[in-house]
Amino acid sequence: MYFSRLHQQAGAIKERAASLGLQVGRVVDLVENRECVLCGTLYKNMQLKPQILDQFLEKESVIPAGLGRFSAENDSLVLEETSGRV
């Protein structure tokens, strides 16, 4: 699903970058301290997010009521594209 969505948007992103005089690069080609444009999927690693499979395997498949916050200060964001993550 993410790959097809990314593939659909890549053309428009490349056109927009070109109109600004930029090229879309890849994670594996990144150079430190050089401005670049990446086209990828943003993923948030949330430490407090319940792991449904783990709960199922423990036969505790019910998420506790009232547990509504899954974000924490130590969560991280990752940009992933076809050649890697950053």
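Here a biologist asks how the labels on this predicted model were earned, and a modeller answers.

Biologist: What are the ground rules for the model?

Modeller: The model is predicted, so local features need pLDDT of at least 70, side-chain atom pairs count only at pLDDT 80 or more, and totals for chains, interfaces and linings use all residues. Residues are numbered from 1 along each chain as its sequence is written, and side-chain values use heavy atoms, with hydrogens and water left out.

Biologist: How many helices and strands does the protein have, and in what order do the elements run?

Modeller: Two helices and five strands. From the N terminus the order is α-β-β-β-α-β-β. Helices are DSSP runs of H or I with at least four residues; strands are runs of E with at least two; both are numbered from the N terminus.

Biologist: How does the reach of α1 compare with the span expected?

Modeller: Helix α1 covers residues 2–19, 18 residues in total. The expected span is 1.5 Å times one less than the number of residues. That gives 26 Å, and α1 reaches 25 Å from first C-alpha to last, so the two are close.

Biologist: Where is the kink in α1 centred?

Modeller: On Ala10, with a bend of about 35°. The bend is the angle between two fitted axes, one through the seven residues ending at a position and one through the seven starting there.

Biologist: Which residues of α1 are buried, and what do they pack against?

Modeller: Leu6, Ala10 and Ala17 are buried. Buried means under 20% relative accessible area, exposed means over 50%, and partly exposed lies in between (1.4 Å probe, protein chains only). The buried residues of α1 pack against β1 (24–25), β2 (37–38) and β3 (41–45). Across the protein, buried residues make up 13% of the 86 residues.

Biologist: Why is Cys39 called buried and Cys36 partly exposed?

Modeller: Cys39 has 10% relative accessibility, so Cys39 is buried. Cys36 has 40%, so Cys36 counts as partly exposed.

Biologist: How many disulfides does the structure hold?

Modeller: Zero. A disulfide needs a pair of cysteine sulfur atoms within 2.5 Å.

Biologist: What makes Lys44 and Asp75 a salt bridge?

Modeller: The rule asks for a side-chain nitrogen of Lys or Arg within 4 Å of a carboxyl oxygen of Asp or Glu. Lys44 and Asp75 have an N to O distance of 4.0 Å, so the pair counts. The pair links distant parts of the chain: Lys44 sits in strand β3, Asp75 in the loop between α2 (52–57) and β4 (76–81), 31 residues apart. Lys44 is partly exposed at 36%. Asp75 is buried at 15%.

Biologist: How many salt bridges does the rule give?

Modeller: Three. Arg26 pairs with Asp29, with the closest N and O atoms 3.2 Å apart. Arg85 pairs with Glu80 at 2.5 Å. Side chains of opposite charge can pair when their charged atoms come close.

Biologist: Why is Arg85 called exposed, but Arg26 partly exposed?

Modeller: Arg85 has 58% relative accessibility, so Arg85 is exposed. Arg26 has 41%, so Arg26 is partly exposed. Glu80, the partner of Arg85, is partly exposed at 34%.

Biologist: What makes the phi of Asn33 worth a look?

Modeller: Most residues other than glycine have a negative phi. Asn33 has a positive phi of about 65° although it is not a glycine. Asn33 lies in the loop between β1 and β2 and is exposed, with a relative accessible area of 79%. Gly21, just after α1, also takes a positive phi, about 80°.

Biologist: What does Leu48 touch beyond its sequence neighbours?

Modeller: Leaving aside neighbours within four places, Leu48 is in contact with Arg69, Phe70, Ser71 and Ala72. Contact means heavy atoms within 4.5 Å. The C-alpha atoms of Leu48 and Ala72 are 6.8 Å apart, with their positions 24 residues apart along the chain. Leu48 is found in the loop between β3 and α2, and 45% accessibility makes Leu48 partly exposed.

Biologist: Where is Pro50, and is Pro50 buried or exposed?

Modeller: Pro50 is in the loop between β3 and α2. Its relative accessible area is 15%, so Pro50 is buried. Its C-alpha is separated by 7.9 Å from that of Phe70, 20 residues away along the chain.
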